[in-house]
Amino acid sequence: MTVDFLYWAGCPSHPEARELLEEVLRGRGVDVPIHVREVRTQEEAQELGFPGSPTIRVDGRDVDPAGENEPPSLSCRIYNLPNGRVSPVPTREQIEEALR
Amino acid sequence: MSLTMATEAPHFELPGVDGRDHSLDDYADIPVLAIVWSCNHCPYVQGWEGRMKAIQRDYGDRGFRLVAISSNDATSHPADSFDEMKARAEAQGFNFDYLYDEDQSVARRYGPERTPEVFLFDADRRLVYHGAIDDNRDEDAVGQHYLRDAIEALLEAREPPVRETPPVGCTVKWKQ
């Protein structure tokens with residue numbers, strides 16, 4: 001299993017998202033390294049298909065497929081929550097679902 | 001560099017999503033004025049929009065107005081274009097003025113770094129509170145209602161209990 005964590009430092013949500021990811025991995029007993037990549041330029045965002053920060057991929061699959069095709073951009077990513085609200089980080093459930 | 005405490009609000013005259021131009025002078029008879037740097041695309045702003053509407057609703061008839069300004073570069077962030085601002089204000093039923101600072105000159109005078117970021121002014125238009133709306137992006141986890149507390153204080157002729165907090169949100173998208 002590969003886990004990629006892509007982020008842009010201009011958005012403050014990445015520490016919270018990474019902590020959540022690590023917590024979920026620990027909770028499920030998944031002992032794999034997290035490949036962390038800081039996206040610094042719009043060119044890198046284009047090259048990586050980075051739809052916003054943070055973006056988490058498990059075996060190349062985005063934890064939120066609904067948002068993976070947003071235009072590549074150095075911006076905070078929007079995650080839509082089941083309760084109709086939005087969040088700058090994915091939900092625990094989205095990460096867990098991606099790990100199944 | 002953001003405005004420092006007690007600084008007078010810099011003048012502005014900007015187009016609003018309602019099709020009218022709005023200047024600082026238009027709000028001269030409003031005792032408590034919050035200018036909030038905002039935008040469309042940011043999840044932090046979207047998470048706080050409901051609270052912005054609630055604050056305007058709760059204090060609007062007590063001498064308070066909230067004015068949102070977006071200065072974001074719509075070239076790099078098309079979701080923040082003036083047309084998109086109009087569409088979002090309509091879709092979300094904004095009960096506050098939403099203004100477009102296309103050339104970013106007003107942002108350069110106020111110095112916001114994030115969206116959302118609050119500049120609260122008293123009746124003399126001196127800055128009395130600067131920073132976050134409250135202490136949590138998650139509405140259900142809010143413990144400190146900085147903006148509400150500051151508005152209440154001003155309406156009761158008291159000093160805001162907290163004068164400055166770090167704004168949390170997306171960066172203002174400056175033109176390159």
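**Note on the predicted two-chain model**

1. Just after helix α4(B), Ala157(B) adopts a positive phi of about 60°. This should be read with the caution due to a predicted model, and the points below begin with the helix that comes before this residue.

2. Helix α4 of chain B spans residues 146–155, and its buried residues are Tyr146(B), Leu147(B), Ala150(B), Ile151(B) and Leu154(B). Viewed down the axis of α4(B), these buried residues fall within an arc of 125°, so they line one face of the helix. The elements that cover the buried residues of α4(B) include the strands β3, β4, β7 (117–121) and β8 of chain B, together with α1 of chain B.

3. The strands just named belong to an open sheet of five strands in chain B, ordered β5-β4-β3-β7-β8, in which the pairing is mixed. Its edges are formed by β5 (97–100) and β8 (127–131) of chain B, each of which pairs on one side only, and the twist from one strand to the next averages 20°.

4. Within that sheet, β3 (residues 32–38) and β4 (residues 64–70) of chain B run parallel and are joined by seven bridges. Trp37(B) stands opposite Ile69(B), a residue in β4(B). Helix α1(B) lies across β3 and β4 of chain B, and runs at about 155° to β4(B).

5. In soluble globular proteins, nonpolar side chains tend to be buried together. The largest nonpolar core here has 56 residues, and those with the most contacts inside it are Ala68(B), Val118(B), Leu120(B) and Leu147(B). If neighbours within four places in sequence are left aside, Leu120(B) is in contact with Ala34(B), Val128(B), Tyr129(B), Leu147(B) and Ala150(B); of these, Leu147(B) and Ala150(B) are among the buried residues of α4(B). A second core, separate from the largest one, has 13 residues and includes Val3(A), Leu25(A), Ile78(A) and Val89(A).

6. Turning to the contact between the chains, eleven residues come from chain B and ten residues from chain A. On the side of chain B that touches chain A, the elements that give two or more residues are α1 (43–59) and β9 (170–171) of chain B, and α1(B) gives the most, with four residues. The residues on this side of chain B divide into five nonpolar, five polar and one charged. Helix α1(B) therefore has to be considered twice when the model is examined, as it is among the elements covering the buried residues of α4(B) and also contributes to the contact with chain A.

Notes
Residues are numbered from 1 along each chain as its sequence is written. Chains are lettered from A and ligands numbered from 1 in the order in which they are written. This is a predicted model: local features need pLDDT of at least 70, side-chain atom pairs count only at pLDDT 80 or more; totals for chains, interfaces and linings use all residues. Two residues are in contact if their C-beta atoms, placed from the backbone, lie within 7 Å. Ala, Val, Leu, Ile, Met, Phe, Trp, Tyr, Cys and Pro count as nonpolar, Asp, Glu, Lys and Arg as charged, and the others, Gly among them, as polar. Two strands pair if DSSP finds at least two bridges between them. Axes are lines fitted to C-alpha atoms, for helices over the stretch in contact, and angles run from 0 to 180 degrees between N-to-C directions. A nonpolar core is a set of buried Ala, Val, Leu, Ile, Met, Phe, Trp, Tyr and Cys residues joined through C-beta atoms within 7 Å. A residue is buried if 20 or more other C-beta atoms lie within 10 Å of its own, exposed if 12 or fewer, and partly exposed in between; C-beta atoms are placed from the backbone. The arc is that of the directions from the helix axis to the C-beta atoms.
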